[in-house]
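This report describes the ligand site and the salt bridges of one protein model. The sequence and structure come first.

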Amino acid sequence: MNTQPKAALSVSNIQKSYGQAHVLKGISLNAHKGDVVSILGASGSGKSTFLRCINLLETPDEGSISLNGETIEMKRLRDGRQVPSNTRQVEQIRSRLGMVFQSFNLWSHRSVIENVIEGPMRVLKRSRAECVEEAEQLLQKVGLYDRRDYYPAHLSGGQQQRVAIARALAMNPQVMLFDEPTSALDPELVGEVLKVMRGLAEEGRTMLVVTHEMGFARHVSNRVVFMQDGHIDAQGTPAELFEGLPTERFRQFVASHQLRSAE
Ligand code: ADP
Ligand code: MG
């Protein structure tokens, strides 16, 4: 009998091309419940495309994705590519994946609290009162309860990103996907967002985090994946990667980031 726990997220042999450009060349990754996986890699290595394939904002040409053991159903087109065959399932799976983008993507014409309750009300069809109550707790968690009636334009970037995290959490996702959540922030605002993310990690949330924050990768995540040119060049525990420096590419990547933070 197989006693292995089901992976919270299991991705196998994901491939993606845009025209002639083979952007993902077979990426496989398993994340168990509570895993915090940092995804590192130079710009253009395919990190965003990979996250977008996981929540089907992009359709992978090849490969399979399972969430808690449920595999996303795909069918083949005549040209050989595959597309999801069950739109209902795609919607369900997407609602179980929380996504946080570099650019926050809040609804600018809605207040903070309205941003947070929109998903659970519209997608999960929950009552407004229940959603408001939960949203207030989430805003407390990210330290923004007192900004509940503000509009995004009146918040700092760090505050907006914390609202975006609360909004993602309001859907009670099984896995959180972060795509460079601190890259658009002024340096003095990075810490407040990383602190919230560290709190989520400590709560046992399953998270995939594309980041250039070496401190987060080293000290908060329990797994690190280094992408290079559409494939995984190295992966392991933070110690295996940062102390072992298993590949020449990863060594160069770490050296260039240390230089940058020392500048
Ligand atoms: P990263 O997030 O690691 O910087 P991306 O996943 O954004 O990398 O991009 C990987 C490669 O795929 C880049 O060369 C990029 O130009 C290309 N790419 C990404 N999205 C598209 C698209 N929609 N159409 C064509 N090329 C794309
Ligand atoms: Mg990117």
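A polar contact is a pair of N or O atoms within 3.5 Å. The model is predicted, and the distances below are computed from it.

**Ligand 1**

By the cut-off just given, an oxygen atom of ligand 1 makes a polar contact with the side chain of K47, where an N or O atom lies 2.8 Å away. The table sets this pair beside two others that involve an oxygen atom of ligand 1.

| Residue | Partner atom in the residue | Distance to an oxygen atom of ligand 1 |
|---|---|---|
| G44 | polar backbone atom | 2.7 Å |
| K47 | N or O atom in the side chain | 2.8 Å |
| S48 | N or O atom in the side chain | 2.9 Å |

Taken alone, ligand 1 exposes 560 Å², and the protein buries 55% of that area. The residues around ligand 1 are Y18, V23, A42, S43, G44, S45, G46, K47, S48 and T49. By class, this shell divides into three nonpolar residues, six polar and one charged. Helix α1 (residues 47-54) supplies the largest share of the shell, three residues.

**Salt bridges**

Side chains of opposite charge can pair when their charged atoms come close. A salt bridge is counted when a side-chain nitrogen of Lys or Arg is within 4 Å of a carboxyl oxygen of Asp or Glu. The count for this model comes to 20 salt bridges.

In one of them, the side chains of R223 and D35 meet with an N to O distance of 3.6 Å. This pair links distant parts of the chain: R223 belongs to strand β11 (residues 223-228), D35 to the loop between β2 (21-31) and β3 (36-41), and the two are 188 residues apart. Both R223 and D35 are buried.

E203 forms a salt bridge with K141, and the closest N and O atoms are 2.2 Å apart. E203 lies in the loop between α6 (187-202) and β10 (207-210) and K141 in helix α4 (residues 128-141), so the pair ties together parts that are 62 residues apart in sequence. E203 is partly exposed, with a relative accessible area of 44%. K141 is also partly exposed, with a value of 39%.

E58 and R52 form a salt bridge through their side chains, at 3.6 Å from N to O. Which class does each partner fall into, buried or partly exposed? E58 is buried because its relative accessible area is 17%, and buried means under 20%. R52 is partly exposed, with a relative accessible area of 29%. Both residues belong to a network of salt bridges that links K16, R52, E58 and D61.

Terms used
Residues numbered from 1 in each chain as written. Chains lettered and ligands numbered in written order. Predicted model: local features only at pLDDT ≥ 70, side-chain atom pairs only at ≥ 80, totals over all residues. Heavy atoms only, no water. Near = heavy atom within 4 Å. Polar contact = N/O pair within 3.5 Å; in protein donor to acceptor, adjacent residues only side chain to side chain. Areas by Shrake-Rupley, 256 points an atom, 1.4 Å probe, with all protein chains shown as cover. Helix = DSSP H or I, 4+ residues; strand = E, 2+ residues; numbered from the N terminus. Nonpolar A, V, L, I, M, F, W, Y, C, P; charged D, E, K, R; others polar. Buried < 20%, exposed > 50% of the residue type's maximum accessible area, 1.4 Å probe, protein only.
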